[in-house]
Amino acid sequence: MPTQDRLDRMVNCTNRKCAVVLLFVVTNFFCLRSLRFTDRIASLQGDDGHVLVQHLLQRQQRTTTTSSMQSTNVTKTAYDKTGANNITGQSASIRQQQTVDVSSNMEQQGKVQNDSNSSIASAIQPDSPPDTPKRLNILILYPDDMRHDSLSIAGTQAVQTPFLDSLARSGMRFTHNCVTTSICWISRANLFTGQYVSRHKANTLRAYLQPDAWNKTWPAMLRRSGYYIGHIGKWQYYDSGMLKHRYDFARVYEGKHIYGNLHVTDRNEQDAMQFLRKSRNKSKPFVLQIAFYAPKAVGTGDMQWTPKNSSMHLYQNLTFKYPGNLNESLARLPAFHNNNRKGEARRRWQQRFGTPAKFDASMKAYYRMITELDECSRNVVAEIERQGLLNETMIIFTTDNGFFHSEHGLSGKWFPYEESIRVPLIIWDPRMPQHVRGTTSDEFTLNIDLAETILGAAGLAPDPGMQGRDIADLYLPDNNSNSSMPWRKEFYYEFPGQGSLNIVPAANAVIRKDYKLFHYPEYDLWQLFNLQEDPLEEFDLIEDPKYAQLVVELKQRYEEMKLAVK
């Protein structure tokens, strides 16, 4: 039942009307409760048919201007009802035959879509001002193989992600969030440890996370500090019975889309509800990570994605075309990439995307699974709100690595191209000032930053061996981290390679906003790309004498950062 203070905040009326409402509460309590519940459900129902988590106290008008936060390089996002990301408008247009060129859906740097008055702009909002505890609950929504622009709000206009879009509109979206290694198990170890793979050494599939290393991860540190810790879904590491001792609640499964008659995303949701409603110790703050298996491919056949039957109508009237940088870019790749017999990225491209018809079918199935996990995320957050915990909960949405949708003629991830290393990051934090909500930041945030961000939300100091930084420094001016220090302008990427040389070779890089230096150490091959003039990374400038001095500088930084991350 809402408190009187909460009723006073929610009811916007004159003093006389407030007195009438109060009298109505006292004399007709159960009737009022029913009416308020009905009103709340009505307020949560979007025009697109999706129930959106929304507090009754929210601004009726959201700003449509663009502003800049000088200290955090934050861009205020303005939205327009007729904007390209309007799901209601898109749903109507889907009823007509369309052709989608995925290369045109790449989000341009600094460009934001404009659609705040759409039906899904009723994003979740905290009470104002929030009564935020020092130790927040933390929900981590963590899909697999989903790159930065596979959200409607991030530029892929075809995909329907209404809840995650609304989360971004009421939280903060980080447009240049990257992984430091783009492969499933290493990226997950990076998330847990806040370290590069050169330091944590968990560089093989099913690696055993040693107890001394695990004790320095954020799950172990939070559990020792009194949190109730849950993990659902994909795990990737050797267990030997230790998982039950490392988590209070663990439901680990991966490798399939269907379990009996149950889709993996439905299983994720069932387990999340079990955790939230029945299993967790309600006297403790909680952390729950839902490691979705979706939208990861399964198997080696022509169709490697299995959406739910209820989603098969989605995108059926769209036609997905190859990206524009497929054939020409493939011809420009180093020769080892184009080894059809052994090169893993090309082999997987042939399996998944080898013909226009196969590409179209695969992209439809892939986006259906993303829309399904969007709905699951919505339902989980709605349950947290139903329990009255939304104002005490940080929500993080991010993924383990990016994914080639045929760009450069490749599939998979691994290599330092933008499609592989950039992943979505949305943070909804009840501590966020109102002027920050609905903004984007183009600072370089990394997956190794999340460990310190999570610990910061719990009021804990990071382990000294962690190598990231609390992302709250970008939106909390008085954060007790290193908020006075300048944010990074470059970072080191490392991929140690998998299998033999010709399958997935090692690949490292120095990455800046304007230039990117690749190094394939097993071939001693260097490449340089000008990201301002060549955002698709097609034209190697390493031999261009105009860039000779820059190459010397970047190679020096490469060696310095390579040592620093160990």
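Which residues is Y558 in contact with, leaving aside its neighbours within four places in sequence? They are Y492, N508, A509, V510, H519 and W526. Bear in mind as you look around that this is a predicted model. The chain has 566 residues, of which 59% count as buried, and its secondary structure comprises 17 helices and 20 strands.

**How confident is the prediction?**
- The mean pLDDT of the chain is 79, and 73% of the residues score at least 70.
- Please take care with residues 1–98, where pLDDT stays under 50. For that stretch the model has 181 contacts beyond four places in sequence.
- Residues 102–123 also have pLDDT under 50 throughout, and here the model has 84 contacts beyond four places in sequence.

**The chain as a whole**
- Take the contacts between residues at least 6 apart in sequence: 74% of them join residues at least 24 apart.
- About 22900 Å² of the chain is accessible surface, and carbon and sulfur atoms account for 50% of that area.

**Y558 and its surroundings**
- You will find Y558 in helix 17, which covers residues 548–564.
- Y558 has a relative accessible area of 1%, so it counts as buried.
- One of its partners, N508, meets Y558 through a polar contact between the two side chains, at 3.0 Å.
- I511 lies 47 residues from Y558 in sequence, yet their C-alpha atoms are 9.5 Å apart in space.

**Nonpolar cores**
- The largest nonpolar core is made of 92 residues. Those with the most contacts inside this core are W218, L222, F415, I427, Y475, F491 and L528.
- Helix 6 is the top contributor to this core, supplying six residues.
- Separate from this is a second core of 55 residues, with L139, Y253, Y259 and W428 among them.
- L528, one of the most connected residues of the largest core, has a long list of partners beyond four places in sequence. They are Y515, K516, L517, F539, D540, L541, I542, Y547, L550, V551 and L554.

**Two covered helices**
- Helix 5 runs over residues 162–170, and nine of its nine residues are buried, so the rest of the structure largely encloses this helix.
- The buried set in helix 5 takes in P162, F163, L164, D165, S166, L167, A168, R169 and S170.
- Helix 16 (residues 449–457) is mostly covered, with eight of nine residues buried. Those eight are D449, L450, A451, E452, T453, I454, L455 and A457.
- What do the buried residues of helix 16 pack against? Their partners include two helices, helix 6 (184–193) and helix 9 (218–224). They also pack against strand 4 (137–141), strand 12 (393–398), strand 15 (425–428) and strand 16 (439–446).
- Just past the end of helix 16, G459 adopts a positive phi of about 75°.

**A buried serine in a loop**
- S182 sits in the loop that links strand 5 (172–178) to helix 6.
- Is S182 buried or exposed? Its relative accessibility is 0%, so S182 counts as buried.
- Beyond four places in sequence, S182 is in contact with N401, G402, K413, W414, S420, Y493 and F495.

Technical notes
Residues are numbered from 1 along each chain as its sequence is written. This is a predicted model: local features need pLDDT of at least 70, side-chain atom pairs count only at pLDDT 80 or more; totals for chains, interfaces and linings use all residues. Side-chain values use heavy atoms; hydrogens and water are left out. Buried means under 20% relative accessible area, exposed over 50%, partly exposed in between (1.4 Å probe, protein chains only). Helices (H or I, at least four residues) and strands (E, at least two) are DSSP runs, numbered from the N terminus. Contact means heavy atoms within 4.5 Å. Accessible areas come from the Shrake-Rupley method with a 1.4 Å probe; for residues, only the protein chains shown count as cover. A nonpolar core is a set of buried Ala, Val, Leu, Ile, Met, Phe, Trp, Tyr and Cys residues joined through side-chain atoms within 4.5 Å. pLDDT is the predictor's confidence in each residue, from 0 to 100. A polar contact is a pair of N or O atoms within 3.5 Å; within protein, one must be able to donate a hydrogen and the other to accept it, and residues adjacent in sequence count only if both atoms are side-chain atoms.
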